[in-house]
Amino acid sequence: MRAGGNDPIREAARLLADRRNAVALTGAGISVESGIPSFRGAQGMWAKYDPTEYATLHAFMQSPRKVWEMLSEMVSVCGGAAPNPAHKGLAALEEMGIVRAVITQNVDGLHQAGGSRRVIEYHGNMEELICVYCWKRYPTRERWTPGSVPLCDCGEILKPNVVLFGEPIPWLAQEQAEEEARTCGVLVVIGTSAQVSPACDIPRVAKEAGAVVVEINPEPTSLTASVTDVHVTGGASEVLDRLAKLIRKTGSGPLEY
Ligand code: APR
């Protein structure tokens with residue numbers, strides 16, 4: 001890890017302003033301040049729902065109604081959430097020409113709602129349902145109501161178009177994410193425990209291709225001692241808000257935030 005003097009945020013701002021050409025990789029932590037629980041940790045979704053019973057494709061095929069108990073909670077929480085200053089800060093950095101893409105593991109659509117234009121949804125999106133038998137798709141809001149189990153016209157139970165454990169990453173998203181990681185100057189990793197592959201391999205791909213890795217997380221992760229160059233310890237909203245303002249103050253950004 002590189003010494004950022006004693007202010008890693010300033011070091012991160014300097015790297016972003018100097019190198020530009022940045023890509024962000026985000027996880028559940030960036031949406032915690034929008035009221036969406038993360039997955040791991042004491043308050044996480046997996047503390048309440050065992051992922052082996054509620055979040056694998058196998059579990060969905062075996063007991064779709066049971067899995068919808070967990071999915072219903074996720075659809076409701078994501079549906080009621082709004083972007084926070086972290087999402088908006090990333091969109092401002094995109095507007096300034098500093099961040100060129102966001103690779104997100106999140107399925108909540110908050111990056112787009114926060115103004116980001118180039119968003120790679122690595123684990124899909126909750127706003128669409130898909131039939132795993134006839135592959136027909138529907139907007140979630142048209143087929144799902146709280147407590148219901150949505151059905152396809154073919155009669156089968158629909159699944160949100162998100163990646164459950166045991167499912168492959170959407171091909172195009174994987175290709176695009178790897179291309180962005182291989183060609184970025186700075187990878188900003190925000191709010192992920194980096195425990196789930198292949199998403200957790202993206203920082204290594206970027207590092208091996210010569211990028212500097214900046215990590216924003218209140219906690220250290222498996223990346224911190226191995227891949228991360230600058231670790232900014234803090235919540236995503238406060239840190240990204242300050243980063244966007246710091247960089248704008250250095251005259252890199254045309255836009256008032
Ligand atoms: N700001 C930034 N980071 C935060 C904040 C915050 N306010 N609050 C928590 N975090 C950090 C935690 O310290 C943790 O490292 O966010 C991380 C969340 O980790 P996980 O819950 O493991 O979520 P994530 O890494 O996104 O999970 C990856 O696993 O369960 C699957 O498919 C699911 O996409 C998900 C994947």
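# Cavity, pocket, ligand site and salt bridges in a predicted model

The structure holds one cavity of 30 Å³ or more. This is a predicted model, in which local features need pLDDT of at least 70 and side-chain atom pairs count only at pLDDT 80 or more, while totals for chains, interfaces and linings use all residues. Residues are numbered from 1 along each chain as its sequence is written, and side-chain values use heavy atoms, with hydrogens and water left out.

Rolling a probe the size of a water molecule over the atoms shows where empty space is left. On a 1 Å grid over the protein atoms alone, a cavity is a set of points where a 1.4 Å probe fits but cannot get out, whereas a pocket is an open set with protein on both sides within 12 Å along at least five of seven lines; lining residues have an atom within 4 Å of a point. Grid points are joined across faces, edges and corners, and a volume is the space filled by probe spheres set on the points.

The largest cavity contains about 30 Å³ of space. Its lining consists of Thr-104, Asn-106, Asp-108, Gly-109, Leu-110, His-111, Gln-112, Val-119 and Glu-121. Two elements, H7 and E3, give two or more residues to this lining, and H7 gives the most, with three residues. Helices (H or I, at least four residues) and strands (E, at least two) are DSSP runs, numbered from the N terminus. By character, the lining of the largest cavity divides into two nonpolar, five polar and two charged residues. In this scheme Ala, Val, Leu, Ile, Met, Phe, Trp, Tyr, Cys and Pro count as nonpolar, Asp, Glu, Lys and Arg as charged, and the others, Gly among them, as polar.

Between helix H7 (110-113) and strand E3 (119-121) runs a loop that includes Gly-115. Gly-115 is partly exposed, at 39% relative accessible area; buried means under 20%, exposed over 50%, and partly exposed in between (1.4 Å probe, protein chains only). The C-alpha atom of Gly-115 is separated by 34 Å from that of Thr-52, which is 63 residues away along the chain.

The second largest pocket encloses about 470 Å³ of space. Of the 18 residues that line this pocket, Gly-124, Arg-137, Asn-161, Val-163 and Pro-170 lie nearest its centre. At least two lining residues come from each of strand E4 (124-130), strand E6 (159-162) and helix H9 (171-183). The lining of this pocket comprises 11 nonpolar, three polar and four charged residues.

The ligand has 21 residues around it, of which Glu-33, Phe-39, Arg-40, Thr-192 and Ser-193 come nearest; a residue counts as near if one of its heavy atoms lies within 4 Å of the molecule. Three contacts to ligand oxygen atoms may be followed in turn. A backbone N or O atom of Phe-39 lies 2.8 Å from a ligand oxygen atom, a polar side-chain atom of Trp-46 lies 2.9 Å from a ligand oxygen atom, and a backbone N or O atom of Gly-191 lies 3.3 Å from a ligand oxygen atom.

The loop between strand E7 (186-190) and helix H10 (202-208) contains Pro-198, and the peptide bond from Ser-197 to Pro-198 is cis, with omega near 10°. Ala-194 is also placed in the loop between E7 and H10. Although Ala-194 is not a glycine, its phi is positive, near 55°, and the residue is buried at 10% relative accessibility. Asn-21, in the loop between H1 and strand E1 (22-26), likewise has a positive phi, of about 45°. Asn-21 counts as partly exposed, at 30% relative accessibility.

A salt bridge is a side-chain nitrogen of Lys or Arg within 4 Å of a carboxyl oxygen of Asp or Glu, and by this rule the count comes to 17. Arg-14 and Glu-11 form one of them, at 3.3 Å from N to O. These two residues are three apart in helix H1 (residues 8-19) and are therefore separated by about one helical turn. Arg-14 is partly exposed at 39%, whereas Glu-11 is buried at 10%.

Another salt bridge joins Lys-48 and Glu-73, at 2.8 Å from N to O. Because Lys-48 lies in helix H2 (residues 45-48) and Glu-73 in helix H5 (residues 64-79), the pair ties together parts that are 25 residues apart in sequence. Lys-48 is exposed at 56% relative accessible area, and Glu-73 is partly exposed at 23%. Salt bridges that share partners also join Asp-7, Arg-10 and Arg-242 into one network; within it, the closest N and O atoms of Asp-7 and Arg-10 are 3.7 Å apart.

Notes:
Polar contact = N/O pair within 3.5 Å; in protein donor to acceptor, adjacent residues only side chain to side chain.
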